[in-house]
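Let's take a look at the aromatic rings in this one and see how they sit together. The structure comes up first, then the notes.

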Amino acid sequence: MDSRRDFLKKTAALTLGAITANSVLNEVFASNTFSVLDGGKYSLPALPYAYDALEPHIDKLTMEIHHGKHHKAYVDNMNKALETVDGNILGSPQSFDNIFDKIAKLPVALRNNAGGHYNHMVFWQMMAAPKTNAPNAPKGKLAEAIKTTFGSFEEFQKQFTDTAMKRFGSGWAWLVKTKDGKLVITSTPNQDNPLMNLDSIEVKGKPVLALDVWEHAYYLKNQNKRADYITSWWNVVNWECCEGLFVG
Ligand code: MN
């Protein structure tokens, strides 16, 4: 099957909701063609849940604006930025893997907006409606690796929260699985991410958990209180998804 047909098949499956959150994310990480539409245009995928699904921890209006306006703008501006790129530099396909690998040679507008599109796609998948049987914590191999690496889940949460709090201005906090299989907490500015082939990315690897700490992610509900937003967010982390990424 050629790649375009393969892509259209995946898109159809997504539209029908036939692919689970885990497999969607694995597609995002693994595929060279995921989310590229016909003609090379990227599109805004629907959220994997309703806008109010994360209530009361993350409010409906924030999710509507964050997904429908902010994320959409990254997609639109990514498509515009792609039009300005010399085909000889980027080559084909225009996949995230390819774009992030060559990012140092590409326009800043593409770095910002391809990063923005990708980071939000994974961020949405890494959250889920809160469970009634709290506390919300990882299980299985990821839980074991977190305990081995950080001593306990509570200590991991403390260190991750601390990293997210210390990100000056806009950016992201990440739990990354490095090439040698280690779990490392890190942070990136703006819409950079651990997949970008840049000297400024301190920890490179596969994102297992992502947290958006741009003010647009929390200002409507929490105003200037980033700590309150992070406390709320821990209740809606989709640990099944993170586990799938860690072992996948
Ligand atoms: Mn955001």
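Keep in mind that this is a predicted model. A good place to start is a cluster of rings: F150, F153, F156, F160, W233, W234 and W239 are linked into it by ring pairs. Across the whole structure, the search turns up 19 aromatic pairs. Here are two of them, both involving W234.

| Pair | Geometry | Centre to centre | Angle between planes |
|---|---|---|---|
| F156 and W234 | edge-to-face | 5.9 Å | 75° |
| W233 and W234 | tilted | 4.8 Å | 50° |

Where do F156 and W234 sit along the chain? F156 belongs to helix α8 (residues 153-166), while W234 is in the loop between α10 (226-233) and α11 (239-247). That puts them 78 residues apart, so the pair links distant parts of the chain.

Why does W234 count as buried? Its relative accessibility is 9%, and the cut-off for buried is under 20%, so W234 makes it. Both of its partners in the table are buried too: F156 has a relative accessible area of 0%, and W233 also comes out at 0%.

There's also a charge-over-ring contact to check out. The charged end of K177 sits over the ring of F246, 4.9 Å from the ring centre.

Methods:
Residues numbered from 1 in each chain as written. Predicted model: local features only at pLDDT ≥ 70, side-chain atom pairs only at ≥ 80, totals over all residues. Heavy atoms only, no water. Phe/Tyr/Trp six-rings, centres within 6.5 Å; stacked < 30°, edge-to-face > 60°. Helix = DSSP H or I, 4+ residues; strand = E, 2+ residues; numbered from the N terminus. Buried < 20%, exposed > 50% of the residue type's maximum accessible area, 1.4 Å probe, protein only. Lys NZ or Arg CZ within 6 Å of the ring centre and 35° of its normal.
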